[in-house]
Amino acid sequence: MLSKNKIKQINGLQIKKNRQSSRFFVAEGTKIVPELVRSKIQVLELFGTDRFFEMSFGNEIPVSIEKNSISEAELKKISSLTTPNEVLAICAIPENKL
């Protein structure tokens, strides 16, 4: 179960100023999140339904990533989409190296 503080923190990342100050962003969807996990981008937390974690991708998630199994109602509270997918990820914004 998600706390009110965690919901507020995740919803706050929808605002550009909060993303820049915290250096985190939110990614949603069953296509983009697995790609982010496999990439060099640092994924800190995953919030997904039981159905998502039971899929074949659920075994590929590294131990370093915190997995949170939540209900669809909770996912709807933290999602910025009108019809939320099965997973949401909190990722670190990579630093630009010129």
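Here is a short conversation about a predicted model of one protein chain.

Visitor: How many helices and strands does the chain have?
Guide: Welcome! From the N terminus on, the elements run α-α-β-α-β-α-β-α-β. In total, the secondary structure comes to five helices and four strands.

Visitor: What is the radius of gyration of the chain?
Guide: For 98 residues the globule rule gives 13 Å, and the chain comes close to that, so it is as compact as a globular protein of that length. Along the principal axes, the C-alpha atoms fill a box of roughly 40 × 30 × 20 Å. The radius of gyration itself is 13 Å.

Visitor: In what order do the strands of the sheet lie?
Guide: Four strands form an open sheet with mixed pairing. The strands β1 and β3 each pair on one side only, which makes them the edge strands. From one strand to the next, the twist averages 15°. The order is β1-β4-β2-β3.

Visitor: Does β2 pair with β4 in the parallel or the antiparallel sense, and which residue of β4 is the bridge partner of Glu45?
Guide: Strand β2 covers residues 43-48, while β4 covers residues 87-92. Five bridges join the two in the antiparallel sense. Along this pairing, Leu46 stands opposite Ala89. The bridge partner of Glu45 is Ile90.

Visitor: And which residue in β3 is the bridge partner of Gly48?
Guide: Strand β3 covers residues 66-69, and it runs parallel to β2. Four bridges join these two strands. In β3, the partner of Gly48 is Ser69.

Visitor: How many residues of β2 are buried?
Guide: Strand β2 has six residues and is mostly covered. In the chain as a whole, buried residues make up 38% of the 98 residues. For β2, the number of buried residues is five.

Visitor: Which strands does helix α1 lie across?
Guide: Helix α1 spans residues 4-12, and its residues Ile7, Ile10 and Gly12 are buried. The buried residues of α1 pack against α2, β1, β2, α5 and β4. The helix runs at about 115° to β2, and the strands it lies across are β1, β2 and β4.

Visitor: Is Thr49 buried or exposed?
Guide: Thr49 is found in the loop between β2 and α4. A residue counts as buried under 20% relative accessible area. Thr49 has 5% relative accessibility, so it counts as buried.

Visitor: Which residues is Thr49 in contact with, leaving aside its neighbours within four places in sequence?
Guide: One of them is already familiar: Ser69, the bridge partner of Gly48. Another is Leu75, which falls within the range of α5, residues 72-78. The full list for Thr49 is Ser69, Ile70, Glu72, Leu75 and Glu86.

Visitor: What kind of aromatic pair do Phe52 and Phe53 form?
Guide: A search of the whole structure finds one aromatic pair. Its ring centres lie 5.5 Å apart, and the planes stand at 70°. Planes over 60 degrees apart count as edge-to-face, so the pair of Phe52 and Phe53 is edge-to-face.

Visitor: Are Phe52 and Phe53 buried or exposed?
Guide: These are the two residues of the aromatic pair. Both Phe52 and Phe53 are buried.

Visitor: What share of the accessible surface of the chain belongs to carbon and sulfur atoms?
Guide: The accessible surface comes to about 6,700 Å². Of that area, the share belonging to carbon and sulfur atoms is 51%.

Notes: Residues numbered from 1 in each chain as written. Predicted model: local features only at pLDDT ≥ 70, side-chain atom pairs only at ≥ 80, totals over all residues. Heavy atoms only, no water. Phe/Tyr/Trp six-rings, centres within 6.5 Å; stacked < 30°, edge-to-face > 60°. Buried < 20%, exposed > 50% of the residue type's maximum accessible area, 1.4 Å probe, protein only. Pairing = 2+ DSSP bridges. Contact = heavy atoms within 4.5 Å. Axes fitted to C-alpha atoms, helices over the stretch in contact; angles between N-to-C directions. Rg over C-alpha atoms; globule rule 2.2 N^0.38 Å. Areas by Shrake-Rupley, 256 points an atom, 1.4 Å probe, with all protein chains shown as cover.
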